[in-house]
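Hi,

Here is the structure I promised to pass on to you. Have a look at it first, and then read on for what turned up in it.

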Amino acid sequence: MEKFGYAESTKFDTYASRMMPRDEFFTSGHRSCQGCGEALAVRWACKAIGKNAIIAHATGCMEIVSSGMPQTAWMHPWIHVAFENTSAVASGIEAALRVLERKGKLKGPLPKVVAMGGDGGTSDIGLQSLSGALERNTNFTYICWDNEAYMNTGIQRSSATPFGAMTTTSPPGKRSIGQSTWKKDMVAIAVAHGIPYVATASPGYLFDLYFKVKKAVETPGPAYITILSTCPTGWRSATDLSVRLARLATETAVFPLFEVVDGKYRLTVEPPKIRPIRDYLKPQGRFRHLRDHEVEFIQKQTLARYKLLLDKCQAPFPEFAPVHLPEGT
Amino acid sequence: MMAHKKRVGMEVSIAVSHAVQLARAEAIAAYPITPQTHIVEHLSSLVANGDLEAEFVTVESEHSAMSACIGMSAAGVRTYTATSSQGLALMNEIVFITSAMRLPIVMTVANRALSGPLSIWNDHSDIMAARDIGWIQIFTENGQEAFDHSIMAFKIAEDHRVLLPTIVNLDGFILTHVVEAHEMMDQKTVDRFLPEFKPYHKLDPQKPVTMGAFAMPELFTECKMAHQMALTNSYGPILEVWQEWGKLTGRHYQPVETYRTEGAKVIIMMMGSLGQVAEVAVDAMRDQGIPVGLVKIRLWRPFPFADLRAALAGAEIVVVCDRALSLGGAAGPVLAEVRSAMYPLAVKPQILGYTVGLGGRDVQPEAFEELVRHAQAEVKQGPSQEYYIYGVRG
């Protein structure tokens, strides 16, 4: 951990930009909405990924805002194919690089392979190809930009939409609370594949995000990160609150920041005191319709889940036995 | 230059996988589906034993197979896959993107019926559902052709004047699972014929590019036009490669193949392995003094309009045999194509369409004699139907 300066990173609650790389790989001029927390996360994730990398991106907000022909915001070699297949595209790139390396056709060190997609492209339509790539032990990092709905198509619900949230296909009404299901636990699904590195990150904690992405790309084998991507357009929140909301998500235990290394859970940002869930829900129009008892339910459920996470972090044994193949296999 | 006369008996699927080995494919992604399986099984073992220096990615679906192939080809390696039927249907979304991105992937399609009802047996409904995907599409008639075209396809696809993915069709079971005698090639000859893959552009951190950017309405039509021109213009390079192969092996291939068409008043047409069955029928009818000939389309895309018109010149009746249905439409896909190609001509034959051999239904030489008699009678009295389905019971 010290290798990455990681333990120190969580002591900061502001970041000192002079300590971070000045290289920009996700450049200005893209068309994301004002206050887009995702664009901020992409920019910092790309700094952590570094120059020697190839990125495959799913269809979605970040693809659409950044790659309108004949322009591009990406300084990395970057490929977009379709919505649900990014992990498969990344698998192909990774396999090709291995062949090129074996045949001595690669100039320079083996590039990192990174796949990126939104929450719909990850936990819904892209789940199969992601699972396949994780199971095949593909040497790549998958980053999910989780803005908790299909924002690009007009704020429809996904399996990552939080309970109670209003979207255009989970509207609250006489017979509906809004989103009626709890957010799908993609991190647990990733962990269940027995992969060496899984984490959550947030644009509210850029040091934490930076070091996690760096760690993920430097981990041999598959790595998975969900990054909460605050979305003023879809969350119906003020555009100057994106970073604040990202921090509130962690401070209220809605989106705890942790990592799972070889099956071992560790909280990376520990809020001194968990704030009431209202602090997080109130600035967001998507939760405006919730009544007191519904907020109370979400509060209880959130704390219960947070407790389970803390228990996992305390567990004396990892979630799975990491597979370390014998030499020469 | 016909130095490779030794013929080796092997299953056609094995011959195809040896062709891919000789072509030195560097990356393969495939998902098992009958009747493509023997090809990818054998390739797996070639890779496992180090006889083919390649990565074989055992993806979790055909959708991911084609997606992984895109990643492989975009990263700059020679890429191969094989599929069939439902697998090609599942890939459908991605195969359009493959050709639009101009990635020279080679794919074998072991032609099989599309469900439903589920049928693992041979017809052409899988490839006909993928007719407009913007790939070069070639049909083969026997094991030797499947072997030859599997090597030539790489050279065609990777030509910088072409840069288009290419499908080699061979009939499921009827070819894939049959043992035939093949004239094999040695590695040196193939290496001379097919040099190392030189990608036109690739994903490379030393020289970053963006691939798969989206197009607004002011650019989309131009992108499609460019694709259309690339596919149409691939005709020349395709012929060059086939001619070079002909000189090398003595096996010559044409976009439209003809058999005993001299003086033929009736011409039977089809694609794929039925051609050999029809040859037997044509011989028998010629022996009876019936002026019948045979025309087989090898190059389905880009469609060889001029070759077809030349091949059909002088015919009074053309009997087109389709191995697929255009449900609710006016014709089978090949019939529609042939009619549309012949329509602008001032003098044109009567063109009748028959759908035969769906879902593995066997077609014997006698069937073609029956079709010719039926077509002659129909023309005499005026065609009673838009097209006919041959051999339906009940």
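Into which domains is chain B divided? There are domain 1 (7-249) and domain 2 (256-389). Please keep in mind as you read that this is a predicted model.

Let me start with chain B as a whole. Its secondary structure comes to 13 helices and 16 strands, and the C-alpha trace spans about 70 × 55 × 40 Å along its principal axes. A compact globule of 394 residues would have a radius of gyration near 21 Å, and chain B agrees with that because its own value is 21 Å. Of those 394 residues, 52% count as buried. Among the contacts in chain B with a separation of 6 or more, 80% are between residues 24 or more positions apart.

Now to the two domains of chain B. Their C-alpha centres lie 28 Å apart, and 26 residues of domain 1 are in contact with 19 residues of domain 2. On the domain 1 side, the elements that give two or more residues include helix 5 (125-128), helix 8 (217-233) and helix 9 (235-249). Strand 6 of chain B gives the most to that side, with four residues. By class, the domain 1 side divides into twelve nonpolar, ten polar and four charged residues.

Next, how many residues does each chain bring to the contact between chain A and chain B? The contact takes 39 residues from chain B and 39 residues from chain A. Strand 2 (27-29), strand 3 (55-57) and helix 4 (85-100) of chain B are among the elements that give two or more residues to the chain B side, while helix 3 of chain B gives the most, with nine residues. That side has 24 nonpolar, nine polar and six charged residues.

The two chains also share a strand pairing: strand 2 (residues 78-80) of chain A and strand 9 of chain B pair in the parallel sense over two bridges. There, Trp78(A) stands opposite Thr210(B).

Finally, the core. The largest nonpolar core has 217 residues, of which Ile93(A), Ile268(B) and Val319(B) touch the most other members. Domain 1 and domain 2 of chain B both give residues to this core, so it lies between them. Ile93(A) is a good residue to look up: leaving aside its neighbours within four places in sequence, Ile93(A) is in contact with Ile54(A), Ala56(A) and Val113(A) in chain A, and with Gly71(B), Ala74(B), Ala75(B) and Leu203(B) in chain B.

Happy browsing, and best wishes!

Notes. Residues are numbered from 1 along each chain as its sequence is written. Chains are lettered from A and ligands numbered from 1 in the order in which they are written. This is a predicted model: local features need pLDDT of at least 70, side-chain atom pairs count only at pLDDT 80 or more; totals for chains, interfaces and linings use all residues. Two residues are in contact if their C-beta atoms, placed from the backbone, lie within 7 Å. Ala, Val, Leu, Ile, Met, Phe, Trp, Tyr, Cys and Pro count as nonpolar, Asp, Glu, Lys and Arg as charged, and the others, Gly among them, as polar. Two strands pair if DSSP finds at least two bridges between them. A nonpolar core is a set of buried Ala, Val, Leu, Ile, Met, Phe, Trp, Tyr and Cys residues joined through C-beta atoms within 7 Å. A residue is buried if 20 or more other C-beta atoms lie within 10 Å of its own, exposed if 12 or fewer, and partly exposed in between; C-beta atoms are placed from the backbone. Domain bounds come from an automatic or database domain assignment. The radius of gyration is taken over C-alpha atoms; the globule rule is 2.2 Å times the number of residues to the power 0.38.
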